[in-house]
Amino acid sequence: MMEKRTYRIKTVSDLTDISAVTLRAWENRYGLFQPERTESGHRLYSEADLRKAQIIKGYINQGLQISEAIRRFNAEYPTGVSAESLPEGQEPISWVRERFISEFMRTVDAWDNDAIAALVEEYHK
């Protein structure tokens, strides 16, 4: 049985360009996410949560307010989303890989050893 992948809030924030504060607010105010928790209380988001965040952010980028974006999401995805609802031919983790490569190349270009080490540590979890 394949272990399902989860992501900490910082990783979700980095991958979606949605601040951790905003992710927590969407969870608390709108019930948008129900992340699992570690024993110490840290949030663990699923692939489906990442997809949902991407979709909601896309609606907001189109000019919708968060409440309108949530209504549209619920209308278009009445049963929610899953990792399988990613665009055809795209692996659930492929965009994570792409983001890592982009960030890694940026840090290598700047030759920032601390940033490189931090990036490798973050994505190695």
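Contact here means heavy atoms within 4.5 Å. With that in hand, the model, which is a predicted one, can be walked through element by element. The protein has six helices and three strands, and from the N terminus on these elements run β-α-α-β-β-α-α-α-α. Of its 125 residues, 34% count as buried. As for how far the contacts reach along the chain, take those between residues at least 6 apart in sequence: 50% of them join residues at least 24 apart.

A good place to start is the pairing of helix H1 (residues 9-16) with helix H2 (residues 20-30). Their axes come within 9 Å and cross at roughly 105°. Angles of 65 to 115 degrees count as roughly perpendicular, so H1 is roughly perpendicular to H2. On the H1 side, the residues that meet H2 are Ile9, Val12 and Ser13, and their partners in H2 are Ala20, Leu23 and Arg24. Sorted by class, this contact has four nonpolar residues, one polar and one charged.

H1 itself is pretty well tucked in: six of its eight residues are buried, so the helix is largely enclosed by the rest of the structure. The buried set is made up of Ile9, Thr11, Val12, Ser13, Leu15 and Thr16. Ile9, Val12 and Ser13 thus turn up both in the buried set and in the contact with H2.

Things change right after the helix. Aspartate 17 sits in the loop between H1 and H2, and with a relative accessible area of 52% it is exposed, because the cut-off for exposed is over 50%. The backbone there is worth a look too: phi of aspartate 17 is near 60°, a positive value in a residue other than glycine.

H2 has its own buried residues, namely Leu23, Ala25, Trp26 and Glu27. The buried residues of H2 pack against H1, S2, S3, H3 and helix H4 (66-76). Leu23 is thus one of the buried residues of H2 and also one of those that meet H1. Valine 21, also placed in helix H2, is another matter: at 58% relative accessibility it counts as exposed. Between valine 21 and isoleucine 9 there are 9.5 Å in space, C-alpha to C-alpha, and the two are twelve residues apart in sequence. H2 is followed by glycine 31, and here phi is again positive, near 65°.

Next comes the sheet. The three strands form an open sheet with the order S1-S3-S2 and antiparallel pairing. Strand S1 (6-8) and strand S2 (36-37) are the edge strands, each pairing on one side only. S2 pairs with strand S3 (residues 43-46) in the antiparallel sense, over two bridges. Across from glutamate 36 stands leucine 44 in S3. Helix H3 (residues 47-61) lies across S1 and S3, and its direction makes an angle of about 75° with S3.

Finally, the aromatic residues. The structure holds two aromatic pairs. In one of them, phenylalanine 33 and tyrosine 45 have ring centres 5.7 Å apart and ring planes at 85°, so the pair is edge-to-face. Phenylalanine 33 belongs to the loop between H2 and S2 and tyrosine 45 to strand S3, so this pair ties together parts that are twelve residues apart in sequence. Both partners have low accessibility values: phenylalanine 33 counts as buried at 3% relative accessibility, and tyrosine 45 is buried with a relative accessible area of 1%.

The other pair, phenylalanine 73 with tyrosine 77, is stacked, at 5.1 Å centre to centre and 25° between the planes. Here the partners part ways in accessibility. Phenylalanine 73 is buried, its relative accessible area being 2%, whereas tyrosine 77 counts as partly exposed at 24%.

Notes
Residues numbered from 1 in each chain as written. Predicted model: local features only at pLDDT ≥ 70, side-chain atom pairs only at ≥ 80, totals over all residues. Heavy atoms only, no water. Axes fitted to C-alpha atoms, helices over the stretch in contact; angles between N-to-C directions. Helix = DSSP H or I, 4+ residues; strand = E, 2+ residues; numbered from the N terminus. Parallel < 35°, antiparallel > 145°, perpendicular 65-115°, else oblique. Nonpolar A, V, L, I, M, F, W, Y, C, P; charged D, E, K, R; others polar. Pairing = 2+ DSSP bridges. Phe/Tyr/Trp six-rings, centres within 6.5 Å; stacked < 30°, edge-to-face > 60°. Buried < 20%, exposed > 50% of the residue type's maximum accessible area, 1.4 Å probe, protein only.
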